[in-house]
Amino acid sequence: MQFASIMINDPAAQQAFAIPDSASKEADQAVAAREYSPLTLTKVADGVYFAKAYSHNSMIVEFPTWLAVVEAPYTEAQTHSLERAVAEQFPGKPIRYAVVTHHHYDHTGGVRAMAANGATILVEKSHEAPLGELLDARHTHPQDELDIRRNAQPPQKTGSIEVYEGKKVISDGAQSLDLYPITGSPHVDPMVLAYVPRTRVLFQSDLFFPGTGGGGPLAEHLLASIQRLNLRVDTMVGGHGGVGPFAELVKAVAPKPKAAAK
């Protein structure tokens, strides 16, 4: 019993249960927000920002008077956290466009929240059916923002789908965002790549995780697609992973040297 008492009251042992200041601050933010998902914004290049979440990420492209978000993934709570971060970082600049890279549920979980706040959802033609169904559906248990605004009396204005086929360019002033659907991927067909030509930044989801160095067939197909499109890429931003140089992708898919025969 004496040994147990010493262990229970040992200040060093109690310190193991102390809450780090960073976690305490995060908890305060979660309590203050109606909905919350951990997310940080970091600058990648002039006018390009990385929105890193705990598993699924987005990219923000800044235009003179508005913003485009590439990927509204995972959950509505994550999109609300992204919208708050963007409003703080870019006061007075609305999100005009939300780009969908592909129709998988974990990469489209926040598009209804984006549409509720007026963003136009850019969808490649092959993904029109599933995204149209997602955005047109009622959402009543509980009622989400999009459903509330559409069914208000009178209905409130919300964003809608804009469908494109082939290359799509969004531009204003000196900034542009180019969308390239690539075909033949083992993961999904097509997959949309988002490219900022002024700063040579490319965003993609699921094909390669920047910062991890991993390769494989998906990364090989990605590199081949970038080369076929003749895109000059300096920086890779991932829907998963992080941010890394283009050279990391090239190295990841380079043929491995054969072991010398013994």
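**View 1. Surroundings of Leu-82 in the predicted model.** When neighbours within four places in sequence are set aside, Leu-82 in this predicted model is in contact with Leu-39, Leu-41, Ala-51, Ser-58, Ile-60, Val-69 and Met-114. Apart from the contacts of this residue, the view can be read together with the core described next, where Leu-82, Ile-60 and Met-114 appear again among the residues with the most contacts.

**View 2. The largest nonpolar core, with 24 residues.** Within this core, the residues that make the most contacts are Ile-60, Leu-82, Val-86, Ile-95, Met-114 and Ile-121. Two or more residues come from each of strand S2 (48-53), strand S4 (67-70), helix H4 (76-89), strand S5 (95-99), helix H5 (111-116), strand S6 (120-124) and helix H6 (128-136), and of these elements H5 gives the most, with four residues. Another core, of 22 residues, lies apart from this one and includes Met-59, Tyr-97, Val-99 and Tyr-164. As a general background to such views, nonpolar side chains in soluble globular proteins tend to be buried together.

**View 3. An aromatic cluster formed by Phe-63, Trp-66 and Tyr-97.** A search of the whole structure finds four aromatic pairs. In one of them, the ring centres of Phe-63 and Trp-66 are 4.1 Å apart and the planes meet at 15°, so this pair is stacked. Phe-63 has a relative accessible area of 2% and is therefore buried, and Trp-66, at 3%, likewise counts as buried. Trp-66 also pairs with Tyr-97, here in an edge-to-face arrangement with 5.4 Å from centre to centre and 70° between the planes. This second pair links distant parts of the chain, since Trp-66 lies in the loop between strand S3 (58-62) and S4 whereas Tyr-97 belongs to strand S5, 31 residues apart. Tyr-97 is buried as well, because its relative accessible area of 17% falls under the 20% cut-off.

**View 4. Helix H8 (residues 217-229) and the elements packed against its buried residues.** Helix H8 has 13 residues and reaches 18 Å from its first C-alpha to its last, which is close to the 18 Å expected at 1.5 Å a residue. Its buried residues are Ala-219, His-221, Leu-222, Leu-223, Ser-225 and Ile-226. These residues pack against strand S9 (175-182), strand S10 (191-196), strand S11 (201-204), strand S12 (235-238) and helix H9 (246-253). After the helix comes Asn-230, a residue with a positive phi, near 60°.

How values were computed:
Residues numbered from 1 in each chain as written. Predicted model: local features only at pLDDT ≥ 70, side-chain atom pairs only at ≥ 80, totals over all residues. Heavy atoms only, no water. Expected span 1.5 Å × (residues − 1). Buried < 20%, exposed > 50% of the residue type's maximum accessible area, 1.4 Å probe, protein only. Contact = heavy atoms within 4.5 Å. Core = buried A, V, L, I, M, F, W, Y, C linked by side-chain atoms within 4.5 Å. Phe/Tyr/Trp six-rings, centres within 6.5 Å; stacked < 30°, edge-to-face > 60°.
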